[in-house]
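Have the sequence and the model open side by side, and let's take a short walk through two regions together.

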Amino acid sequence: MTKPLIYMNNAATSWPKPPEVLEAVADCVRNPVFEAGRGSGIKSADYVAEAREDVSRFLGAEDSENIIFTSNATDSLNILISGFINARKGCVPHVLTTELDHNSVLRPLHEFERENKIGLGVVPFEKDNCRVSVDAVEAAVQKDTKLMVMTHASNVLGSVQNLKEIGDLLHEHGIFFIADGAQTAGHVNINLKSLPVDAFVFTGHKGLLGISGTGGFYLRDADKIEPTRFGGTGTNSVSLSQPREMPERFEAGTHNYPGLAALSAGIKFIEREGLKKLEAQTVSQTNFIIREFAKQDNITVHNKYPDVPVISFNISGVDNDDVGFILSKVYNIVSRTGLHCAPLVHKKIDGGVGSVRLSLSCFTTDGECETTANAVCEVAENAHTKVCSA
């Protein structure tokens with residue numbers, strides 16, 4: 001008899017989705033779409049405007065027009081990074097990122113470095129607390145540093161970074177600050193009015209409980225970023241130039257209406273259930289699993305105190321891919337293995353071999369956590385027995 005599926009890969013894409021999200025997508029596809037400024041007829045839901053208001057409210061933005069929609073966090077980061085560098089023609093700025101960052105940050109920056117368009121510095125994180133210190137950032141700042149791009153929470157270690165202190169320091173030096181909130185939006189409270197970030201990136205299909213193909217960014221000052229794509233916006237169509245005002249400055253082409261309907265529904269679900277309550281639940285469950293792992297001396301948890309529901313671990317003597325395979329085939333547990341698109345983290349914590357990652361959502365049950373912890377401990381016990389008998 002097949003064991004019930006236990007999904008522990010929510011840091012990649014959350015599942016299941018709230019029923020309201022699925023219903024919102026179905027309704028959007030079933031009914032005609034009202035496009036503000038682009039058509040006429042009986043008005044239906046304005047998915048773009050509603051989603052913009054919902055995201056703005058949920059993230060505490062000053063103005064909904066500062067919210068730009070894209071296809072995902074990677075798309076957002078590419079637009080922001082490219083747009084910032086393109087706006088500095090004839091200049092080769094020094095740019096900072098961190099060892100904690102995802103390839104959606106590292107790869108575009110390294111590509112620009114390869115093309116000699118930027119100088120690049122990588123700020124280390126402290127292994128004992130899995131965070132980047134303000135002192136480390138200050139030590140890395142140079143006289144020509146103009147931009148820093150960093151993750152809000154590590155997708156490997158689950159450690160939330162101190163954007164307030166780091167942002168205040170960067171702004172003292174006149175450095176533009178982009179924060180990647182792919183792993184925090186929907187998990188921790190974010191108030192952009194009080195955070196010293198110039199841009200904040202989010203994605204729809206993880207903690208915000210929407211579907212894939214949606215994401216975006218908050219941008220405080222549009223003049224700092226040049227548009228990187230051009231096309232129809234439904235406004236001022238007589239002009240052959242891209243509009244300069246927000247949000248049309250960065251949004252060209254038809255929006256992902258079902259995705260934005262899902263994003264709105266996901267945010268409303270979180271607000272109705274209560275973000276603090278959902279956060280407390282997942283933190284408690286995460287801590288339970290880590291405590292259970294501590295009973296096996298051959299399980300190494302790379303951050304024992306994560307701030308978001310992410311657990312990365314290795315079992316001595318067993319390749320991380322093999323652990324993931326066993327969890328899937330024997331226990332029907334979906335995990336994730338490998339480098340998690342964050343190679344610099346793994347170079348520091350496990351010598352670059354990769355880890356097994358478990359990541360929870362608000363739909364993860366206590367029973368699923370207990371079953372998962374028991375399964376991993378059983379794999380570790382069997383590995384320990386084999387090692388001892390060898």
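Here is a brief report on a sheet with its helices and on a pocket.

This is a predicted model, in which local features need pLDDT of at least 70 and side-chain atom pairs count only at pLDDT 80 or more, while totals for chains, interfaces and linings use all residues. Residues are numbered from 1 along each chain as its sequence is written, and side-chain values use heavy atoms, without hydrogens and water.

Let's begin with the sheet. Its four strands (DSSP E runs of at least two residues, numbered from the N terminus) follow the open order β9-β10-β13-β12 with antiparallel pairing, where pairing requires at least two DSSP bridges. At the edges, β9 (299-301) and β12 (336-338) each pair on one side only. From one strand to the next, the twist averages 30°. Three bridges connect β9 with β10 (residues 310-315), and T300 sits opposite N314 in β10.

Two helices (DSSP H or I runs of at least four residues) lie across these strands, with contact meaning heavy atoms within 4.5 Å. Angles run from 0 to 180 degrees between N-to-C directions of axes fitted to C-alpha atoms, for helices over the stretch in contact.

| Helix | Lies across | Angle |
|---|---|---|
| α8 (residues 275-293) | β9, β10 and β13 (355-359) | about 15° to β10 |
| α9 (residues 320-331) | β10, β12 and β13 | about 160° to β12 |

Now for the lining of the second largest pocket: its residues comprise eight nonpolar, 12 polar and four charged, with Ala, Val, Leu, Ile, Met, Phe, Trp, Tyr, Cys and Pro counted as nonpolar, Asp, Glu, Lys and Arg as charged, and the others, Gly among them, as polar.
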